[in-house]
Structures are given as C-alpha cells and as structure tokens.
Amino acid sequence: ETEVSNMRIVVKIGTSTLAHSSGHLNIRRTESLCKVISDIKNAGHEVIVVSSGAIGMGVGKLLLPGKPTDMPTKQAAAAVGQCELMYTYDKLFGEYNHTVAQILLTGDDIEDVKRRENCEDTLRRLLELGALPIINENDTVSTAQIEIGDNDTLSAIVGRSIQADLIILLTDIDGLFTADPHKDPNGKLIPLVEEITPEIMKLAGGAGSKQGTGGMATKLLAAQIATSAGCNMVIANGQKPQILYKIVDGEAVGTKFVGKKQG
C-alpha cells in the first residue's frame, strides 16, 4: 500500500448526489459523505467542498410544487435552501469536529483580479486554520450576466486558483462513457483520459439530472480547465461515498483526466 502524501482536494457534490429524485435531501448518503470527507481530512488532506443543492433544498423547504422557472423564485429558493444546506453540513461535519466555512461566489468574483485574489487569500487562510470551506455559486444574486453557470466549472476554477492536486466531481454516473449509459447499454466506461481531444469533447451529451444544471459537457469543460492548470480530475459516481477513499488512494475509479504538468 503506497502512502499518499497529503493532497489538496476539491470535491464537487452534485444535486443528484445530495438529493433523492423527489428533490428531498438524501439523508443517508449526505451523512455518509460527510463522514468520509471528515476521515480524509483526518488523514491529513486538505479538502474543499463545492456543493450544489441550495435551490433544490429551498424548493422542499418552501413546499413549492417543483423546480421554479422564474428568476425571483429561483433566487428565493436558493436563499432559503443555502441556509438549510449549510445547517446540514455544519451539523454533520460538527459531529466529527470539523468546522465548516461558507463561501458564495459569482462570476464577478472570479473574473475581477482583485476580488479573485481576495477569495484565494481567504481560502488559503481557511485551509491553514483547518477549516472545511464549502463553496457554492451565489444563486441568490447571480443572474445570467454574472453566473458561473454550474458547479463543475466552479470546481475547476477553484482547483486552479488554489493549485489543487485533485478535483473530484461526484455525479450520478460512473464516469465518461463512449455513449450515454442512461440511453445506450453498449456505452463503455473510459477509465483514463490523457488528452482532451475533439473526439472526447464530442462524447458530451446535454444536461444531466432533472434537478441539476450540469451534464457531461460542463464536466469536460471543467476537465479542460483543471488539466491545463496541472490538476488531476476524476469523474465518479457519488452514490457510494466510500468511493472517495479509493480515489484519494489513487485507485482506478470512474474516469481520470491527467493534469498537464507545467514546465
């Protein structure tokens, strides 16, 4: 067993991982995720979580009939859901003595150099202090003009800005397939991508789950950002959170995109 040196890891948790198809929180899975992430932190790794799910949780909390389509209701749901989401993380990570910190970002925070530097400084300091930063797009104020658009891209941008060693995108399929496994049973998992070619980019279908905003396209875009910054990225199925142990140990799980070493 090879001893893995301490890594800086970004874990993106998609809505499909956090919630049941009903839109309500998947309590068992979320509890398990927080336990595994706490353990990975205990082993000496630095972890940053990029978490979706605020709008979905707000929909449940406000007893709305479904996912809102108009901007004000979406933003209202996000405002309510973000509280609920952080309350849940705070409670679960607190059980393992980890302190969570909330960071909400918009496109402007990433694009503006000064603001981006401020965010990076804050993130680094939080990691030094042993906190667990939990990042989400600021859905309450972000509109089309200033939105990053999805948490896959946000994870890659965060990973790039803090020189993460590894970015893990947890989703509802096992990785990148030669054809969409939801539609084509002959699709084969691609375990390793050394280079993101136009053929690889073509494998991206449309958006993912009913509740989520990302599909494979945003994940491949994230992989481009991550690998060109020298970060390894893994797309894996978040159904069984224990999978994170294997990924951190360097076992072949899901689809691994190899970071280009800068030199």
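Helices and strands here are DSSP runs, numbered from the N terminus, with at least four residues for a helix and at least two for a strand. Keep in mind that this is a predicted model.

**View 1. Leu-63 sits in a loop with an unusual backbone angle.** Look between α3 (54-61) and α4, and you'll find Leu-63 in the loop there. Its phi is near 55 degrees, a positive value in a residue other than glycine. Why does that catch the eye? Most residues other than glycine have a negative phi. Is Leu-63 buried or exposed? Leu-63 is exposed, with a relative accessible area of 72%.

**View 2. Asn-97 has a positive phi too.** Asn-97 is found in the loop between α4 and β3. Its phi is about 65 degrees, although Asn-97 is not a glycine. With a relative accessible area of 68%, Asn-97 counts as exposed, because the cut-off for that word is over 50%.

**View 3. Eight strands line up in one open sheet.** Read across the sheet and you get β3-β4-β2-β1-β5-β7-β8-β6, with mixed pairing. Which strands are at the edges? They are β3 (100-105) and β6 (192-193), and each pairs on one side only. Helix α4 (residues 71-94) packs on the sheet, where it touches β1, β2, β3 and β4 (132-137). The direction of α4 makes about 155 degrees with that of β3.

**View 4. Parallel neighbours are joined by bridges.** Strand β1 (residues 8-13) runs parallel to strand β2 (residues 46-51), and six bridges join them. To find your place, spot Ile-9 opposite Val-47 in β2. β2 also pairs with β4 in the parallel sense, over two bridges, and here Val-50 stands opposite Ile-135 in β4. On to β3: six bridges join it to β4, again parallel, with Ala-101 opposite Pro-133 in β4.

**View 5. β4 is covered on both faces.** How many residues of β4 are buried? Six of the six are, so β4 is largely enclosed by the rest of the structure. In a regular strand the side chains alternate between the two faces of the sheet. In β4, one side has Leu-132, Ile-134 and Asn-136, while the other has Pro-133, Ile-135 and Glu-137, all of them buried.

**View 6. Here is the second largest pocket.** This pocket has a volume of about 300 Å³. Its lining is made of 17 residues, and Leu-166, Asn-232, Ile-247, Gly-250 and Lys-256 lie nearest its centre. β7 (232-237) and α10 (243-248) each supply at least two residues of the lining. By type, the lining divides into 10 nonpolar, three polar and four charged residues.

Terms used
Residues numbered from 1 in each chain as written. Predicted model: local features only at pLDDT ≥ 70, side-chain atom pairs only at ≥ 80, totals over all residues. Heavy atoms only, no water. Pairing = 2+ DSSP bridges. Contact = heavy atoms within 4.5 Å. Axes fitted to C-alpha atoms, helices over the stretch in contact; angles between N-to-C directions. 1 Å grid on protein atoms, 1.4 Å probe; cavity = no way out; pocket = protein on both sides within 12 Å on 5 of 7 lines; lining within 4 Å. Points joined across faces, edges and corners; volume = space filled by probe spheres on them. Nonpolar A, V, L, I, M, F, W, Y, C, P; charged D, E, K, R; others polar. Buried < 20%, exposed > 50% of the residue type's maximum accessible area, 1.4 Å probe, protein only.
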